[in-house]
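Here is a short note to read alongside the model, written as numbered points. Please keep the structure open while you go through them.

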Amino acid sequence: LFRTTNGGATYNLVAKLTADDAVAGDGFGISVAIDGGTVVVGAYVKVGATFGADGAVYVFRTTDGGATYVQVAKLTASDVAASDYYLISGFSIPTPDDRFGFSVAIAGDTIVAGAYQDSEVESDSYSQASGSAYVFR
């Protein structure tokens with residue numbers, strides 16, 4: 001995070017945010033949003049419960065005017081499943097790669113996270129990578 005005190009002429013580094021459970025290849029920082037003292041960061045290839053790129057969103061807060069930031073939450077999709085599908089060369093391939101956290105937004109006490117590869121079951125077929133947006137409060 002950078003902050004300016006002179007109208008944007010220069011910026012100074014205030015904090016470098018990292019996830020408490022960070023590992024190489026998480027994709028942490030693919031998306032970032034800020035509202036007041038809260039910063040939301042997406043990690044769209046974070047390995048989760050299905051051992052695929054389920055993704056995660058991390059929430060950081062400051063209580064000292066931005067001098068320090070602390071991770072206060074890790075958000076994940078409640079319905080991530082190894083039975084999600086996506087399309088490769090015309091074939092439906094099962095994958096746990098929802099890519100939750102590829103996009104994030106925050107407004108007040110509401111956080112929205114996008115999962116562009118999330119697939120939903122529609123009767124007897126799958127809607128490959130139809131995508132979803134998850135709302136948290």
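1. Which strands each supply at least two residues of the lining of the largest pocket? In this predicted model, that description fits strand S5 (56-61), strand S6 and strand S10 (110-115). Among the contributors to this lining, S6 gives the most, with three residues.

2. The space in the largest pocket comes to about 160 Å³. Its lining is made up of 13 residues, and the ones closest to the centre of the pocket are Val 59, Arg 61, Asp 109, Ile 111 and Arg 137.

3. When the lining residues of the largest pocket are sorted by character, seven are nonpolar, while three are polar and three are charged.

4. Turning to charged pairs, side chains of opposite charge can pair when their charged atoms come close. The count for this model is one salt bridge, and it is formed by the side chains of Lys 74 and Asp 21, with 2.7 Å from N to O. Lys 74 belongs to strand S6 (residues 70-75), whereas Asp 21 sits in the loop between strand S2 (12-13) and strand S3 (28-35), so the pair ties together parts that are 53 residues apart in sequence.

5. Are the two partners of this salt bridge buried, partly exposed or exposed? Lys 74 has a relative accessibility of 39% and therefore counts as partly exposed. Asp 21, with a relative accessible area of 28%, is partly exposed as well; the label covers values between the 20% limit for buried and the 50% limit for exposed.

Methods
Residues numbered from 1 in each chain as written. Predicted model: local features only at pLDDT ≥ 70, side-chain atom pairs only at ≥ 80, totals over all residues. Heavy atoms only, no water. Salt bridge = Lys/Arg side-chain N within 4 Å of Asp/Glu carboxyl O. Helix = DSSP H or I, 4+ residues; strand = E, 2+ residues; numbered from the N terminus. Buried < 20%, exposed > 50% of the residue type's maximum accessible area, 1.4 Å probe, protein only. 1 Å grid on protein atoms, 1.4 Å probe; cavity = no way out; pocket = protein on both sides within 12 Å on 5 of 7 lines; lining within 4 Å. Points joined across faces, edges and corners; volume = space filled by probe spheres on them. Nonpolar A, V, L, I, M, F, W, Y, C, P; charged D, E, K, R; others polar.
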